[in-house]
Structure formats: structure tokens, C-alpha cells
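Please look at the sequence and the structure shown here before reading on. The paragraphs after it lead you through the model step by step.

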Amino acid sequence: MTSVARSKSLNIVLGVSGGIAAYKVASILRLLTEAGHNVQVVPTQAALNFVGSATWEALSGNPLISEVWDDVADVPHVRIGQSADLVLVAPATADLLSRAANGAANDLLTNVLLTATCPIVYAPAMHTEMWLNAATQENVATLRSRGCIVIDPAEGRLTGDDSGPGRLPDPEEIVSVAMGVLSEQDLLGLDIVITAGGTREFLDPVRFLGNSSSGKQGVALAVTARDRGAKVTLICANISVPLPAGVTVVSAVTGDDVHAAVMQASQAADVIVMAAAIADYKPKVTQNSKMKKSDDGSSPTIELVRTVDILADLVSHRNTSHPDQVIVGFAAETGDDRGSVLDHGIAKLQRKGCDLLVINEVGPNLAFGTDDNEVTILTREPATQTKVSKTSKNQIAQAIWDAVSAIRH
Ligand code: CTP
């Protein structure tokens, strides 16, 4: 592992201001401590009306400090900010954003924000009107102009019946953005296109030939590339996992949709990763209306035709118009009497002409839809093999980006 955030235990200050979304921040705290970080929670007095000190102390394992007058001999209003590797404020209310933008120092959390020299990430949550108000938007712009990260709130149901932008994004999303701020930015400025999920080829309006790819690995690639500084376009074919923030999403259903979207996005791409499971065949004819069973009990014969090999098309375009482009293929393989999974992978890398091939063994409970995976990453020039033992799809994604970075250098 190469980046600080992926390997080291960090001192993180979790600032909590007084909004109802404070209850969701207990999950953020859990995610951070489970990742091995030391978290000091600094709630405002208003935040303690929503979630009490016992919750923060129990989940962080640290005594709570919420007032400048707590533990004065230790000078907490200076020490906490100075020793932090990261300050994350969630939820950041309109009032907290205003005080932070104006450099107020009227409680412990704002003192910490003034003394911190590390990255500061705000995750605002409030009613839509408050978020869209010009005063709040100006405060957000001010904080961003000073180098702070302000995550856009999610859209959806708010405290009452109303809905709109203002919801606190999912805890996983906030943690991912916050940790991404500390990640090594070795993909900074790269334009990366990733396909995810599995295509569907329709027999009629309701039936299709498809596969059980969930899109988890493609989404993990998108999130980790974003965190390492890339500008990501994620082409999603029928994925069953939530879409990540901070990437451009293009929806696709069939192989032809993916093909069109990839060829367009690939014009400017530095790296393209074909993580989607693309059907090799499609019905020659798609019926306009639902196919009925025949009266005589006979079974239909469905004629299939080959789909476009998108990876091959990318490779041939790369050769003529974008020689530096790095193209990554995936190979879902099973061993058989003609060779092992690795043998088939090595042959496929040569046949496909891509720069890197990620081989994973597929079968019942292997790879598709699972949270963990085990892969071998092959590169063509120079020819290397890197085995990544069973680990999370995020860690697999990090290993793939490490290999892409190595090829580019
Ligand atoms: N792929 C593609 N277009 C297709 C089929 C596959 O771009 N019509 C891409 C996949 O996204 C993957 C790679 O090719 O990155 C390998 O896919 P795989 O199904 O393992 O290989 P195939 O080329 O279909 O070969 P085979 O099924 O014969 O092993």
C-alpha cells in the first residue's frame, strides 16, 4: 500500500454541529474507529441536544471535550486542532458554516477549525431553503476558496414531509470523501472511464439475456480513482449498488449502449477500464411484444448473434489515435481441461491487446455480487503478474490503480 490514508492510523477530529442529522454521525464515527483511526469528537452545545456525550465517548473510546473550559491545563482549543491529521465536520449546519467562514472562535469547535493546519472537510445538512440561501452559498464558496472541502448535500427526504437538497450524504460516502482528501493523488488530473455492471440483451419487452454482475467492483474502481485525484466517468449497466458521488455517471442497458458511451467518453480518456460484464451474444431479433407460448407445446429456437467486442474496438482505436491510453480488461475465467484460470488469462491478454488484464475466477459464490474478491493482475509490457489475495473490492481497486500508475510511469 502506498498512500498514507490507506495504511496509517490517523488523528481525526469529528466536529458535530447541532442538526438532526447528528444521529447519523454515530455511524461515521464507527466507520472511522473500525478503520483504526483515533477519533476525538468535538460536538457543539447544540449538537449535544441531539446526541449525548455518552454515545460519543462510548463509540470513540475517548473522553468528550466540548467546551474551551474543559481540561484547561491541556489548552484543548489549540492542542486538538494542531495535532489533527484531518478535521471532519458532520453535520455542518448553516450556523456552523457561517461561523467557520467568518473565522469566529466562540466555542471549542470553531477554535479547533482556526488552529487546524490539516485538511478540513465539511458535510453540510440542513433544510433546502437554508442550503440554497445566498448567505449559506457565499459561506460555502468562502470556505472552498480557502481550500476546505465542502461536500454537496444529498437530495431526498428531509426532517419533515419536504424533500430536496439538504440531506446528509450516506456515512460511507462522507468517510470515503474525507479519507480521499488524504490519499496519494497519483491519478490527479487523469481522465478515467470505467464500465460497471452487466449488460441486458432483450428477447422481448420483458425478457433479456443478462448476467449477475452487481457493479460493485466497477463502483469501487470509480470511488478509489476519484479519491486518488482522477476525473471519473462511470458507465453503469444495470448496477445494483448505490451510485458514488463526485463522478460523472452515464447509464447504459445493452452492449450497444455501453459501446456507444465508451467510444464517446474514450476520446479524451487517459485510462479506460472495462469492468462490466458484456454479453457476448444477443438475440438476432428483439420482439416488439411479449413472446407467447405456442399452442402446440413446442419450444422456440432463438437465434443469437455476436455483440461488438468493445475492448477490441478500444484497442484498435487506441493504436491509431491515442497511443498513450492505458486500457484495462477484466477476465472472468474458470479453469478447464485446456488450462488453468491463469493460462486462459495470459492467452486472453495477448489476444485482446490491452495493457492490463485483471483475472478473476468466477463460479458459485465467487466474485459476482460478493464484497470480497481475489484476482491476478497481468500486465503486457513489461509482462508482470501480481496476485492479490482475498480482500475487499476497494483494496482490489487500489491494487489495480497501483498497477496502472506503474505502467504510466
Ligand atoms: N468485453 C467487451 N465486449 C464484449 C465482451 C467482453 O468489451 N462483447 C470485455 C469485458 O468487459 C472484459 C473483457 O472483454 O473486460 C473480457 O471479457 P470476457 O467475457 O472474459 O472475455 P471474452 O472476450 O468474452 O472471451 P471468452 O468469453 O471467450 O473467454
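**A pocket and its ligand**

Among the elements that line the second largest pocket, strand E16 contributes the most, with four residues. Keep in mind from the start that this is a predicted model, and that the strand named here covers residues 326-333. Strand E16 is one of the elements that each supply at least two residues of the pocket lining, and the others are helix H10 (216-227), helix H12 and helix H13.

The space inside the second largest pocket comes to about 910 Å³. Of the 37 residues that line this pocket, Ala-276, Ala-277, Ile-278, Asp-280 and Phe-330 are the closest to its centre. When the lining residues are sorted by character, 16 are nonpolar, 13 are polar and eight are charged.

Where does the ligand sit? The ligand is found in the second largest pocket, and 16 residues surround it, of which Met-274, Leu-311, Phe-330, Lys-348 and Lys-352 come nearest. Phe-330 therefore deserves a second look, as a residue that lies within 4 Å of the ligand counts as near to it, and Phe-330 is named both among the residues nearest the ligand and among those closest to the centre of the pocket.

The shell around the ligand can be described in the manner already used for the lining. Helix H12 (310-321), strand E16 (326-333) and helix H13 (341-352) each supply at least two residues of this shell, and strand E16 gives the most, with four residues. By character, the shell residues divide into 10 nonpolar, two polar and four charged.

Which atoms of the protein lie opposite the nitrogen and oxygen atoms of the ligand? A polar side-chain atom of Thr-307 is placed 3.3 Å from a nitrogen atom of the ligand, while in Val-308 it is a polar backbone atom that lies 2.8 Å from a ligand nitrogen atom. A polar backbone atom of Phe-330, in turn, is 2.8 Å from an oxygen atom of the ligand. Taken alone, the ligand would expose 560 Å², and the protein buries 77% of that area.

Away from the ligand, some details of the backbone are also worth following along the chain. The peptide bond that leads from Ala-90 to Pro-91 is cis, with omega near -10°, and Pro-91 itself belongs to strand E3, which spans residues 86-92. Another cis peptide bond runs from Glu-381 to Pro-382, where omega is near -5°, and Pro-382 is located in the loop between strand E18 (372-379) and strand E19 (384-392). Finally, Asn-238 has a positive phi of about 55° although it is not a glycine, and Asn-238 is part of the loop that lies between strand E11 (231-237) and strand E12 (248-252).

Methods: Residues numbered from 1 in each chain as written. Predicted model: local features only at pLDDT ≥ 70, side-chain atom pairs only at ≥ 80, totals over all residues. Heavy atoms only, no water. Polar contact = N/O pair within 3.5 Å; in protein donor to acceptor, adjacent residues only side chain to side chain. Areas by Shrake-Rupley, 256 points an atom, 1.4 Å probe, with all protein chains shown as cover. 1 Å grid on protein atoms, 1.4 Å probe; cavity = no way out; pocket = protein on both sides within 12 Å on 5 of 7 lines; lining within 4 Å. Sits in = over half its atoms within 2 Å of the grid points. Nonpolar A, V, L, I, M, F, W, Y, C, P; charged D, E, K, R; others polar. Points joined across faces, edges and corners; volume = space filled by probe spheres on them.
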